[in-house]
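Student: Please take me through one part of this model in detail, beginning with the terms you rely on. I would like a connected account of how the pieces there meet.

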Amino acid sequence: MVNAGDMNGSGNLMDFLDEPFPDVGTYEDFHTIDWLREKSRDTDRHRKITNKSKESIWEFIKSLLDAWSGWVVMLLIGLLAGTLAGVIDLAVDWMTDLKEGVCLSAFWYSHEQCCWTSNETTFDDRDKCPQWQKWSELLVNQSEGASAYILNYFLYILWALLFAFLAVSLVRVFAPYACGSGIPEIKTILSGFIIRGYLGKWTLLIKTVTLVLVVSSGLSLGKEGPLVHVACCCGNFFSSLFSKYSKNEGKRREVLSAAAAAGVSVAFGAPIGGVLFSLEEVSYYFPLKTLWRSFFAALVAAFTLRSINPFGNSRLVLFYVEYHTPWYMAELFPFILLGVFGGLWGTLFIRCNIEWCRRRKTTRLGKYPVLEVIAVTAITAIIAYPNPYTRRSTSELISELFNDCGALESSQLCDYINDPNMTRPVDDIPDRPAGFGVYTAMWQLALALIFKIIITIFTFGMKIPSGLFIPSMAVGAIAGRIVGIGVEQLAYHHHDWIIFRNWCRPGADCVTPGLYAMVGAAACLGGVTRMTVSLVVIMFELTGGLEYIVPLMAAAVTSKWVADAFGKEGIYEAHIHLNGYPFLDVKDEFTHRTLATDVMRPRRGEPPLSVLSQDSMTVEDVETLIKETDYNGFPVVVSKDSERLIGFAQRRELILAIKNARQRQDGVVSNSIVYFTEDPPELPANSPHPLKLRRILNLSPFTVTDHTPMETVVDIFRKLGLRQCLVTRSGRLLGIITKKDVLRHMAQMANQDPESIMFN
């Protein structure tokens, strides 16, 4: 027997794996990353750069560039996300108006821009100008009458169908991942799951284009959720340019967390709200460094959007408002009632939408996505056109509902009966009796509320980009405005009642219906998504008034309590479970008294665990084991008799290592011995070269004993982001628990179908 290290001086050859080779450390599609391994690799990389930086000025400069690369990526994400959001806003504004008419002086102008540039526009008729013509005026030279109305109605539906058809066709042909809101998938990706192509360049391009089309079509959906997906695509693109992020999936996810913050920042013009949204709702791992970088990315994105100024009002969103009247303690009761409504609406929406989406997945309906989009668009356009509150874009509707009625407002909602002797400043108009326009608006809004509640259930989840923030806010804003007008009229006509006597004297401006609309919007959005802190901050940034934080907090907390009473899941978690993504929610509690031995595999009656021995298997044995099984990795033991654990080897890295060894190392054949020890085993003199694979062996795999409570195991998987955990007793290997096993066990304990967890 001779030592293999002495054969033909080939000891150096056998250690060829001490140099990294291509693709090692990467993961396959639909697999979970190993957070501990990624963290360890980044620490090693950083240590190497720090040591090298002392060798020369050039290495020192490279270390500075590496340190600054994170901030550069954030700057680029902010600039691109802000630019795309501005372009989307401008395009949506133009294409929404295109359904009703066209600007003759410049066809690329929206209705508002067209009349801005006109010298013939008067203040009273600021929406009317000769340059802007409705389709009936342009085609048959009629602006009034039944034939003009029918022609405009028909063209409105035609444009809506064209936009929707284009959107669903582009998604279907070029980027199937561009559909939906994207937030459930972003949450899953940030928890460590790999979905290749979900944040790719094609997805970014198609999602941006189709987002404009679907919002312009008038469907009951918003652009805010998809903007988070768009920003994360930007983050993924820029992180691939820097090896620090492209070669480390853990670091890449820090960038994506910051990108999500930039997405919400441009969606709502709320940089701080965006950071809190990423922290509260989306991110799985959010270190302090990511908090600072998220703040910077959100700031740059908001600044870029402000520079583009898509709405021409120097604001980042269409529905920015300022109120001048304080709220009173007695108003907390209707605010809390709106919170209850928001919680009930959230529960109703989640249950109905999930049931409809499940039906779509399990029946023939799912085979005809284009037909479904066309049908829903046609129904939406036919019902929406006759009602002025559903005909306009949802953002414009929310803007009008949030608005306070000033002296210059021409909206139907501000058609109050004025006192001819009134001489007050324009921003402090006293409460007045409602006129005919207000009562007309009330029943139109009531119809709009019913329509929005029903149609949104069927719209969210179709094969087009679809956000949920705006439709949820619209439902709440309509309900809130109706309640606000009701309270206002009650206070005006019954100011001598005990609840109004102390704070609402005749001739005073007591109640702001727009504030009720805003509180209702926050309540409904909170009921659907279960956001609290970030939601209140987003709404506060929209109004720019600290004074209204208490009503918003009261409504948000009430809506969460009410919705949680019926089920703990928000809409995004519900869609994650529906799609079977392997997502371990930090908010879920595991209270069952099971042990690791109850969950580990192999179970009683199953074949024994597939393992590798440290120095007695050939290359052919390893390749056969890989071919016959589909496991993601294999425990390495001293021998199959002792089963003493040495470490863990990943399937992908074994395949790559053997493939590279066959190409680069002479003498490696099928009957070469594979060894994972530091020193090669003693072999007969005529044996082929052994293959050393110690470099790919994880020598410190996470282990638990067979009597560890599952509550602890679940906590370990959540907090450390493990892929798998080995179960031992006195150092002897008994079995393995994967993330999928944990999720299946949790589903089983909750009386759900454990097979619904589809991915590895």
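Tutor: Contact here means heavy atoms within 4.5 Å. This is a predicted model, in which local features need pLDDT of at least 70 and side-chain atom pairs count only at pLDDT 80 or more, while totals for chains, interfaces and linings use all residues. Residues are numbered from 1 along each chain as its sequence is written, and side-chain values use heavy atoms, with hydrogens and water left out.

With that settled, the part to look at begins in helix H2 (residues 35–52), where Lys 39 has its place; helices (H or I, at least four residues) and strands (E, at least two) are DSSP runs, numbered from the N terminus. Asp 42 is found in H2 as well, and Asp 42 touches Asn 248 and Lys 251, if residues up to four places away in sequence are not counted. Asp 42 is buried because its relative accessible area is 14%, buried being under 20%, exposed over 50% and partly exposed in between (1.4 Å probe, protein chains only). Lys 39, by contrast, has a relative accessible area of 49% and is therefore partly exposed. Between Lys 39 and Asn 248 there are 8.6 Å from C-alpha to C-alpha, although the two are 209 residues apart in sequence.

Lys 251 leads on to helix H11 (residues 249–268), which packs with helix H13 (residues 288–308) at an angle of about 35°, their axes 8 Å apart. Here axes are lines fitted to C-alpha atoms, for helices over the stretch in contact, and angles run from 0 to 180 degrees between N-to-C directions. The crossing of H11 and H13 is right-handed, which is to say that the near helix is turned clockwise from the far one, whereas in a left-handed crossing it is turned anticlockwise by less than a right angle. On the H11 side the meeting residues include Lys 251, Glu 254, Ala 258 and Ala 262, and on the H13 side they include Arg 293, Ala 297, Ala 301 and Leu 305.

As for the setting of this part, the protein has 29 helices and 14 strands, and its C-alpha atoms fill a box of roughly 115 × 60 × 55 Å, taken along the principal axes. Of the 760 residues in the protein, 55% are buried, and among contacts with a separation of 6 or more, residues 24 or more positions apart account for 74%.
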